[in-house]
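Biologist: Let's go through this model together. I will ask how each label is earned, and you set the value against its rule.

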Amino acid sequence: MSERPVITSTIGSFGLFAEVTTLTGGGPANATITPLIRIFGTAFSNYNYGLASAEAYTFFILIFVVAIFQFRMNREES
Amino acid sequence: MINFKKILVNTLLYSMLIGISLFMILPFVWMLSTSFKLQADVFGYPPALIPKSPTLKNYIYIFQNANMIRVLANTLFVSIAATLVSLFFTALGGYGFAKFEFPGKKALFAFLLATMVIPGAVMMVPTFVLMRTFGWIDTFWPLIIPGAANAFGIFFFRQYISSISDELLDAGRIDGASEFGIFWRIILPIISPGMTSLGLLFFMGAWNNYLGPLIYLKSPEKWTITLAINSLIGGAGLTYWGEQMAMSVVSLIPLVIIFLVFQRQFVEGITAGAVKG
């Protein structure tokens with residue numbers, strides 16, 4: 001099960017939120033924005049739940065591809 | 001000759017490790033130091049690790065003006081409730097997957113593992129809409145219930161409970177225990193070391209949760225510690241650094257106490273899980 005921590009920690013890094021929100025809020029001019037901050041803003045600042053869900057699923061597919069890629073690499077190594 | 005080389009390598013290695021350790025611990029020490037500084041001294045030059053004029057003003061402020069007791073009580077309630085509810089349901093789920101045969105078990109378990117790949121952000125909006133339908137906005141329920149049956153916990157307990165021999169459960173059945181009685185009286189005591197370590201992880205997760213309270217808690221008297229700390233960052237440039245650091249220090253105390261109390265079980269539980277996993 002050595003691949004699981006690597007994959008989950010990659011997902012964790014993609015979900016970076018609190019650090020960025022408290023330090024820069026995603027600014028200046030979106031230079032430090034992360035996917036989660038964008039989704040959060042769309043949903044809870046602009047109240048556009050449909051768009052936020054679309055963003056969330058795009059984000060999910062991206063992570064899914066990375067996770068599969070990592071999983072394959074790990075498998076080839078062992 | 002060889003010894004000399006070894007000493008040299010060791011000296012380099014240790015000084016490097018000590019350097020990295022100091023670098024790691026510096027933010028923590030700096031937080032402690034800033035919490036005793038006056039606002040004017042926070043960015044004083046040269047930077048001083050030991051405050052020029054140490055003060056308890058920041059601590060007094062957070063307890064008198066920032067409603068610290070209430071915030072701590074809220075956070076403690078949410079964290080303890082979330083931990084207990086999660087432990088109960090994940091252990092129950094793990095027991096089911098470990099000791100019962102039912103159609104679709106493999107597929108269901110694979111599906112459960114696959115949900116671990118889904119980042120929380122994807123669930124954020126639908127969960128919010130669901131909680132709003134329940135009328136749970138600005139209550140503590142959304143911080144306790146949705147995470148109650150999380151995939152990692154069920155996976156963890158399935159591995160743990162699989163190592164318990166079936167004879168033990170059969171002995172319980174012969175003595176007339178119900179299936180839930182077996183879970184409550186036989187399984188739970190055996191898996192208590194695992195519960196301690198996973199419970200600590202759950203507790204820390206709930207205690208440090210920022211995104212959840214940010215979405216669900218609106219009124220200041222329901223704030224948890226992470227929101228309260230963040231509220232001291234001024235958007236327009238005035239940030240109460242000393243007060244913020246004092247609050248951070250106070251927020252660490254319960255975690256440190258709990259960790260010190262459960263440290264031994266915590267380490268044992270993690271390594272036990274590692275061997276079985």
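Modeller: Burial in chain B is a good start: of its 277 residues, 27% are buried. Keep in mind that this is a predicted model.

Biologist: What makes a residue of chain B count as buried?

Modeller: The cut-off is 20 or more other C-beta atoms within 10 Å of its own. In chain B, 27% of the residues meet that cut-off, so they are called buried. For chain A, the figure is 19% of 78 residues.

Biologist: How do you know how chain B compares with a compact globule?

Modeller: By the radius of gyration. The rule, 2.2 Å times the number of residues to the power 0.38, gives a value near 19 Å for 277 residues. Chain B has 24 Å, so it does not match the compact globule value. Its C-alpha trace spans about 75 × 70 × 35 Å along the principal axes.

Biologist: What is the secondary structure of chain B, and what is that of chain A?

Modeller: Chain B has 13 helices and zero strands. Chain A has four helices and zero strands. From the N terminus, chain A reads α-α-α-α.

Biologist: What share of contacts joins residues at least 24 apart?

Modeller: Take contacts between residues at least 6 apart in sequence. In chain B, 75% of them join residues at least 24 apart. In chain A, 34% do.

Biologist: Where in chain A is confidence lowest, and where is it highest?

Modeller: Helix H1 (residues 3-14) of chain A is lowest, at a mean of 66. Helix H3 (residues 35-44) of chain A is highest, at 87. Chain A averages a pLDDT of 79, and 87% of its residues score at least 70.

Methods
Residues are numbered from 1 along each chain as its sequence is written. Chains are lettered from A and ligands numbered from 1 in the order in which they are written. This is a predicted model: local features need pLDDT of at least 70, side-chain atom pairs count only at pLDDT 80 or more; totals for chains, interfaces and linings use all residues. pLDDT is the predictor's confidence in each residue, from 0 to 100. Helices (H or I, at least four residues) and strands (E, at least two) are DSSP runs, numbered from the N terminus. A residue is buried if 20 or more other C-beta atoms lie within 10 Å of its own, exposed if 12 or fewer, and partly exposed in between; C-beta atoms are placed from the backbone. Two residues are in contact if their C-beta atoms, placed from the backbone, lie within 7 Å.
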